[in-house]
Amino acid sequence: MRVVVCHNFYKQPGGEDRVFRDETTLLESSGHRVIRFTVHNDTTDGMSPLSLAASAVWNRESATLLRDLVRKTQADVVHFHNTVPLVSPSAYYAARKAGAAVVQSLHNYRTICPKATFFRDGGVCESCLGRKVALPAVVHACYRESRAASATLAGMLAIHGLLGTYRRAVDAYIAMSQFARRKLIEGGLPAERIALKPNFVSPDPGAGAGRSGYAMFLGRLSPEKGVDVLLEAWRQMAGGVPLRIVGNGPLAEDVRSAARANANVEWLPGKDDDEVRRLMQDAALLVLPSVNYEGFPKTIVEAFSVGTPVVASRLGAMQEIVEDGRTGAHFTAGDAADLAGKIELLMSTPATLAAMRRACRDEYLRKYTAEQNYRTLIEVYERAVSVRRGEAPRPVDAALT
């Protein structure tokens, strides 16, 4: 199969970039021809607000380039990851016009929330869910803290909703979790076209022993990730549980200050993939204190792959992926005292942690290997091609929903 994989890179690298890399590598290693079509948000710095707005709604240049690429390579499928703001939904039409099926991975909630996270003012916000025009996002300047930028995204969603783009121009969607799938359907995407395919980890890193006895946070240091909740939990904790924070972001100075004030907190920015893997193998547990829904945190699968239990907010997809009492523990989102209590309880019961480590590793082997992910991805592609040809696709397998 010939596949064009399209991705608009963010200025700040994140999970979507890693998934793009992992999936293209997986396809190539399985014998498929993969053609990468990428743009980067670094190029937006010199663009006027008007040009950027026009690009987000309908980027004629990207559409033309993609159409010509599909024709030249005779691609069967164009698989999109992020399209905002330099690719735009115009590329869906270009790909289909050139004869390819269109697949869109839904790493976040961009098609139904201009900010993409359902997060505002420190908590979950669904004010725009189900609206034809996302006016609350404009009023609250949700996207890039700018009313103009938010209006651009809200306008893009409204225009393409009116055109029927998300129902007519995309042959298959990929949601990462059941929770996300339900929200996307509630927001108006066609249920019959949304398959379920989680993230994966490859190559298999092997189980770690978790002997170093520290908790670990891995991710962007930003408000929606619950960094303030994490730091407050460690301020309240009576015991001496070490915490290693790996990542960078807008709250980096808060983390630096916490590390200076608390000998149990250590900040480790700038770690490469190998170093992160070793840290996670040695960690007693991973902490995921996000106060937004999340899409499908790749950090959870990375933790499972090395057998590290996860303490996660009882919120959104996290409470679905982490099984309370088996592969980790849940705590009330935003509640630092509850988080501190769960951490101290687990760290004081080594037998429980050991059983959870085995369960996490089993969960990875059952659900999140490259082999299983590849089978699901190809099934999605085949269904998309059937839809593009006007054929009645095979009934959706239970694993895909």
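Which residue in E8 is the bridge partner of Tyr173? In this predicted model, the partner of Tyr173 is Ile194 of E8. Strand E7 spans residues 172-175, and strand E8 spans residues 194-196. The two strands run parallel and are joined by three bridges. A further pair across these strands is Ala175, which stands opposite Leu196 in E8. Between the two strands comes a helix: E7, helix H8 (residues 178-186) and E8 make a right-handed β-α-β unit.

Strand E7 also pairs with strand E4 (residues 101-106), to which it is joined by four bridges in parallel. Here Val103 has Ala172 of E7 as its bridge partner. In a regular strand, side chains point alternately to the two faces of the sheet. In E7, Ala172 and Ile174 lie on one side and Tyr173 and Ala175 on the other, and all of these residues are buried. Both faces of E7 are thus covered.

These strands belong to an open sheet of six strands, with the order E2-E1-E3-E4-E7-E8 and parallel pairing. Strand E2 (33-40) and E8 are the edge strands; each has a single partner strand, so one side of each is left without a neighbour in the sheet. From one strand to the next, the twist averages 25°. Helix H4 (residues 90-97) packs on this sheet and touches strand E3 (77-80) and E4. The direction of H4 makes about 150° with that of E4.

Another open sheet of six strands has the order E11-E10-E9-E12-E13-E14, again with parallel pairing. Its edges are formed by strand E11 (265-267) and strand E14 (328-331), each with a single partner strand, so one side of each is left without a neighbour in the sheet. Neighbouring strands of this sheet are turned by 25° against each other on average, direction ignored. Within the sheet, strand E12 (residues 285-288) and strand E13 (residues 310-313) run parallel and are joined by three bridges. Val287 stands opposite Val311 in E13. Helix H9 (residues 227-236) packs on the sheet, where it touches strand E9 (215-218), strand E10 (243-246), E11, E12 and E14. The direction of H9 makes about 160° with that of E10. Helix H12 (residues 298-305) lies across E9, E12 and E13 and runs at about 170° to E12.

Contacts between helices were examined as well. Helix H1 (residues 15-29) packs with helix H16 (residues 370-388) at an angle of about 85°, and their axes are 11 Å apart. The two helices are therefore roughly perpendicular to each other. On the H1 side the contact is made by Glu23, Leu26 and Leu27. H16 contributes Ala370, Asn373, Tyr374, Leu377, Ile378 and Tyr381. By class, this contact of H1 with H16 has seven nonpolar residues, one polar and one charged.

In helix H2 (residues 49-57), the buried residues are Leu52, Ala53, Ser55, Ala56 and Val57. Helix H6 (147-163) is included in what covers the buried residues of H2.

Leu365 is located in helix H15 (residues 350-367). Its relative accessibility is 42%, so Leu365 counts as partly exposed, given that this class lies between 20% and 50%. Apart from neighbours within four places in sequence, Leu365 is in contact with Asp204 and Gln372. Leu365 and Leu268 are separated by 97 residues in sequence and by 29 Å in space, C-alpha to C-alpha.

Conventions
Residues numbered from 1 in each chain as written. Predicted model: local features only at pLDDT ≥ 70, side-chain atom pairs only at ≥ 80, totals over all residues. Heavy atoms only, no water. Pairing = 2+ DSSP bridges. Axes fitted to C-alpha atoms, helices over the stretch in contact; angles between N-to-C directions. Contact = heavy atoms within 4.5 Å. Parallel < 35°, antiparallel > 145°, perpendicular 65-115°, else oblique. Nonpolar A, V, L, I, M, F, W, Y, C, P; charged D, E, K, R; others polar. Buried < 20%, exposed > 50% of the residue type's maximum accessible area, 1.4 Å probe, protein only. Right-handed = clockwise from strand over helix to strand, strands pointing away.
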